[in-house]
Structure formats: C-alpha cells, structure tokens
Amino acid sequence: MTASSNFWLQDIPRQLAALDAAALRRTRRTVAPLQGARILVDGQPMLQFCSNDYLGLAQHPAMIEAACAGAQDFGVGSGGSPMVNGHSTANAALEEELARFVQLPRALYFYAGFATNASIIPALVGAGDAIFSDALNHASLIDGCRLSRGQIRRFGHGDLAALEQLLAACPVQRKLVVSDAVFSMDGNLADIEGLLALCERYDALLLLDDAHGFGVLGPQGRGSLTAAGLTGAKASPRVLYMATLSKAAGISGAFVAGHELLIEWLLQKTRSYTFATAAPAMLARALQTSLQLIEQQSALRDQLQARIAQLRAGLQPLLQGKGWQLLPSETAVQALVVGSNDAALGLMEGLRRHGLWVPAIRPPTVPVGTARLRIALSALHTEADVKQLLAALQELAG
Ligand SMILES: *Cc1c(COP(=O)(O)O)cnc(C)c1O
C-alpha cells in the first residue's frame, strides 16, 4: 500500500455500480412551480402526483403574505437555539396554537420532522429500555430507535397480537411503542385505539407520527388522534403525538404534543432541540396562517376526498391484467404496487412520456418485491387531472 492510495475513491465507484445494477441509483430533478399541480421538471412541464402538500397550501397567497410579513417583523433567521435566543414570540405563539389545534395540553415546535423523531426517542429511552416498533415505520423513527440504544423489538406491520406478546414478555419498566399513524408509503392507518389499549394494559408510552394525517384527517383536519376521539377531554397521558408541518401544513418543521410533563421532559432532553437553531419566526407566522386555513377551509379536504374516491374507482378495472395491487388507503397517499424495481421504473417512465410525474418507490424505502408508484393526491388536483392520470395508466396497462 502506498501513501497515496485512496480506498474511498476506488470503493465508491464499485458501490455505485452495484446500485446501478440493482436499478437502485437515485437521481434528482430540478423543479419549479407552474399552476395548480403543474410543475416544471428539468424544464419540462408536468402534471405532478408526488407532492406531500396535500391541501395545496405551499403556494397559497395568504401563506406567502404571512411569511413576508413575518420576515418584515423578525428578519429571516432565528439566530440561535430556542434555549438561547431562538425562541421568538412568534414561535411561542405557534406552540400555543398547535396545542389548541390538536386539543392536547402542550406542544413543542421543531425545525424539522426527521430531526424530531431521530432525537425525541433517545430523549425518552436509553440503554436497557424497551422499544416496540412497527415494521413499516418511517426511517426517522427507525433512526431514533437506533440512536437511543434501547432494545428494539420490531413487530409485524399492524400486528397487535404480536405486539401484545412482546409487551407481555417484556420485564423492562420503561417501554415505548412507536408507530406511524398513517404509513407513509402505503397510506393506511394504524389502529390507534388498539395500540393505546395495549399501552395501557402493559404500562407503556405510545409515540405516534402523524406526518400524513395532520391537516387531512379528523374534524377540521386536526389529525389522526382527534379522528380516533383521543384528544381534548379524552386525551391520554400516555400518548405523545408528533406531526410534521412539511406536508399538509405546506411549509416545514414539526411538533410534538402531549402531557405537560412529557413535553417538559423533551424540552430538557432532546438534543436536536437544544443544539440546533430554532425555526425562523417568519415560518412560525406562516404556520399560524396555515393552521387557520386548515381549520376553516374544509372545502380543500372535500376536494381531496373526491379525488381519492375518483382515483380508487378508476383504478379498479386496471388491476387484473398486470397483477398490479392498489393498497387499501383512505388518505392522500395511494400506493399502486407493481412488484419489481424495473417494472416500477418502467411505469414511471411511461407516465413521464405522458407528461405525468409520479414517483416510483423502491427498496429499501419499501420491502423488496413491492416496488410501487406512490400516487400523492392533493386539493390542487382537478377532476380532469385525475382523469388524465387514469387514461395514461390504462394505456400503459394494456
Ligand atoms: C416526512 C416524514 C417525516 C420527516 O419530516 P420532515 O418534516 O420532512 O423532516 C417524518 N415522519 C414521516 C412519517 C414522514 O412522512
């Protein structure tokens, strides 16, 4: 070995070639907004079915105005950790609003969803503690579990009987059950009441990630926990409710809400809260407007529900021929499972030629053999938009 040999620059091309061979190499496209659900993708106009902006608030004029006014009042950056100088009056007001909106005692506002999950779990459990994690949980929850150094017991997706066996056999005192409330690549809902009943029976804490339910599900879009009737007077002290503000809320960031003591503990112990710069106040201001729109504009949710029903009904006749499977989902996330990576990429490419931008999702994001199109619907989609997608899929299925 010579001093000038560089293992890294020899090894990375080999690893990239392996990704290419498995059709797992990822590339990015540049995008820019046009009108409605239409965007420019690498300069080409496309109709997109991939945004998590489920209510179409990311470009909403009232949000843009609130962000601009927030920038006038506070500038564009927060200048530091919330523990030092970053906790603006706007961020404090947003936390109050978030807690009120989800009908839970207290909320803590974070700059990003991934960082929230990756660091609240290590704040709650550590070496010797037990974590029970649904097999299809989001990567940020999985990383949080790993970072905590707790003992991770994975249970089959939605398998409450398996979860109960694991809980019953667990001698550890500090037990945390972790689950997506809406599974991000399938679109289906967790059995929240069932999970909570088990947590009560075995004295565990339940952490729910409602990234894809907040703003969309429940009365006034208050989310999955309110939809399950477990907020307000029915709020349970053993539920921690996490949601991102980057999907239906249209911006970025996240929050965790629940019992006063749990939130106070997270405020003390969450490293990505203490050692990261607070979200800019201009975003907190725009998020307050977002909460108002989510609460008041039920027409946006009605529009989304109509598109979901239209898509599901229109896909039914296409499922037989190619062995495609449409997963059960009442949410904006509609997964059309086609099987192999090549088949998913081929379908994505076929749609692209029709001017339609629908992402293929492959392992490791989803289990091997279940590569899929993840069709994300939004209140921005018109009936004609969904018709166009269905017509293209029909042609590609034939
Ligand atoms: C998007 C997402 C996150 C991460 O949130 P960001 O705000 O994008 O960082 C966490 N959990 C789930 C289920 C998600 O879909």
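K247 reaches the ligand with its side chain: a polar atom there lies 2.9 Å from an oxygen atom of the ligand. This comes from a predicted model. Taken alone, the ligand exposes 380 Å², and the protein buries 84% of that.

Two other residues also place a polar or backbone atom by a ligand oxygen. The table sets the three side by side.

| Residue | Atom on the protein side | Distance to an oxygen atom of the ligand |
|---|---|---|
| S246 | polar side-chain atom | 2.7 Å |
| K247 | polar side-chain atom | 2.9 Å |
| G113 | backbone N or O atom | 3.1 Å |

**The shell around the ligand**

The ligand has 14 residues around it. Those that come nearest are F114, D209, H212, S246 and K247. What kinds of residue make up this shell? Nine are polar, three are charged and two are nonpolar. Helix α4 spans residues 113–124 and gives the largest share of the shell, three residues.

**A sheet with mixed pairing**

Now turn to the strands. One open sheet holds four of them, in the order β1-β2-β3-β13. Its pairing is mixed. Why does one side of β1 and of β13 have no neighbour in the sheet? Both strands, β1 (31–33) and β13 (356–357), stand at the edges with a single partner strand each, so one side of each is left without a neighbour.

Inside this sheet, look at β2 (residues 38–41) and β3 (residues 44–48). These two strands run antiparallel, and four bridges join them. One residue pair to find is I39 and M46: M46, in β3, is the bridge partner of I39.

**An antiparallel sheet and its helices**

Another open sheet also has four strands. Their order is β11-β12-β15-β14, and the pairing is antiparallel. Here the edge strands are β11 (325–326) and β14 (360–361), and each pairs on one side only.

Follow β11 to its partner. Strand β12 covers residues 333–339, and two bridges link it to β11 in the antiparallel sense. L326 stands opposite L336 of β12.

Which helices lie across these strands? Helix α12 (residues 298–315) lies across β11, β12 and β15 (371–376). Its direction makes an angle of about 25° with β12. Helix α14 (residues 341–353) lies across β12, β14 and β15. Helix α14 runs at about 35° to β15.

Technical notes. Residues numbered from 1 in each chain as written. Predicted model: local features only at pLDDT ≥ 70, side-chain atom pairs only at ≥ 80, totals over all residues. Heavy atoms only, no water. Near = heavy atom within 4 Å. Polar contact = N/O pair within 3.5 Å; in protein donor to acceptor, adjacent residues only side chain to side chain. Areas by Shrake-Rupley, 256 points an atom, 1.4 Å probe, with all protein chains shown as cover. Nonpolar A, V, L, I, M, F, W, Y, C, P; charged D, E, K, R; others polar. Pairing = 2+ DSSP bridges. Contact = heavy atoms within 4.5 Å. Axes fitted to C-alpha atoms, helices over the stretch in contact; angles between N-to-C directions.
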